[in-house]
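Biologist: Hey, can you pull up that model for me? I'd like to go through a few spots together.

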Amino acid sequence: MSEAGTQVGVARARSGATGGPGAVPWIDEAAVRLALAEVMDPELPMVSIVELGMVGEVSVGPTIQVDLLPTFVGCPALEVIQAAVVARLAAFGRPVEVQATFVVPW
């Protein structure tokens with residue numbers, strides 16, 4: 001199990017979430033960001049998309065929504081990164097929407 005998976009498990013235990021059959025997995029923005037820290041940049045595989053500052057707004061509801069901030073317009077790896085984000089967050093058992101935006105958060 002990854003460090004992020006361990007931290008999610010600890011957070012679930014502290015919150016009293018059960019995870020029995022049919023239960024909706026407990027999840028918050030921090031858990032999503034921890035999971036995204038495991039998504040590596042395909043062009044620089046020693047650096048995560050979180051470390052590169054590519055993760056913008058994250059919202060968690062019935063759907064997990066993630067805004068990606070590409071490092072430049074026309075990034076050739078953007079589709080690969082979006083697919084990797086969806087694949088990593090699929091473990092939470094909720095639909096995932098990923099969109100690229102060039103809106104600077106500051």
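Modeller: Sure. This one is a predicted model, and a good place to start is R88. With 21% relative accessibility, R88 counts as partly exposed, because buried would mean under 20%.

Biologist: Okay, and which residue forms a salt bridge with R88?

Modeller: That's E38, and the closest N and O atoms of the two are 2.8 Å apart. The pair ties together distant parts of the chain: E38 is in the loop between helix 2 and strand 1, while R88 is in helix 3, residues 78-89, and 50 residues separate them.

Biologist: Is E38 buried, exposed or partly exposed?

Modeller: Partly exposed, because its relative accessibility is 32%.

Biologist: How many salt bridges does the count come to?

Modeller: Two. Besides E38 with R88, E29 forms one with R33, again with closest N and O atoms 2.8 Å apart.

Biologist: And where do E29 and R33 lie?

Modeller: Both are in helix 2, four residues apart, which is about one turn of the helix. E29 has a relative accessibility of 37%, so it counts as partly exposed. R33 is at 29%, so partly exposed fits R33 as well.

Biologist: Switching to D41. Which loop is D41 in?

Modeller: D41 sits in the loop between helix 2 (29-36) and strand 1 (55-60).

Biologist: Buried or exposed?

Modeller: D41 is buried, yet it has no salt bridge. The nearest side chain of opposite charge belongs to R33, and that's 15 Å away. A salt bridge needs the atoms within 4 Å, so R33 doesn't qualify as a partner for D41.

Biologist: So what lies 2.8 Å from a polar atom of the D41 side chain?

Modeller: The backbone nitrogen of E43.

Biologist: Which residues is D41 in contact with, leaving aside neighbours within four places in sequence?

Modeller: V47, S48, I49, L52, M54 and I81.

Biologist: Let's zoom out. How many helices and strands are in the protein chain?

Modeller: Three helices and three strands. Starting at the N terminus, the order is α-α-β-β-α-β.

Biologist: How do strand 1 and strand 2 run?

Modeller: They run antiparallel, with four bridges joining strand 1 to strand 2, residues 64-68. The two form a hairpin, and three residues lie between them. If you want one pair to look for, V55 has L68 in strand 2 as its bridge partner.

Biologist: Anything general I should know about side chains in a strand?

Modeller: In a regular strand, they alternate between the two faces of the sheet.

Biologist: Got it. Now F72, where does F72 lie?

Modeller: In the loop between strand 2 and helix 3. F72 counts as partly exposed because its relative accessibility is 40%. Try finding F102 too: F72 and F102 are 30 residues apart in sequence, and their C-alpha atoms are 8.6 Å apart in space.

Biologist: What share of the chain's residues is buried?

Modeller: 31% of the 106 residues in the protein chain.

Biologist: And what about the surface, how much does the chain expose?

Modeller: About 6300 Å², with carbon and sulfur atoms supplying 60% of that.

Biologist: Last one: of the contacts between residues at least 6 apart in sequence, what share joins residues at least 24 apart?

Modeller: That share is 56% in the protein chain.

Terms used:
Residues are numbered from 1 along each chain as its sequence is written. This is a predicted model: local features need pLDDT of at least 70, side-chain atom pairs count only at pLDDT 80 or more; totals for chains, interfaces and linings use all residues. Side-chain values use heavy atoms; hydrogens and water are left out. Buried means under 20% relative accessible area, exposed over 50%, partly exposed in between (1.4 Å probe, protein chains only). Lys and Arg count as positive and Asp and Glu as negative; His and the chain ends are not counted. A polar contact is a pair of N or O atoms within 3.5 Å; within protein, one must be able to donate a hydrogen and the other to accept it, and residues adjacent in sequence count only if both atoms are side-chain atoms. Contact means heavy atoms within 4.5 Å. Accessible areas come from the Shrake-Rupley method with a 1.4 Å probe; for residues, only the protein chains shown count as cover. Two strands pair if DSSP finds at least two bridges between them.
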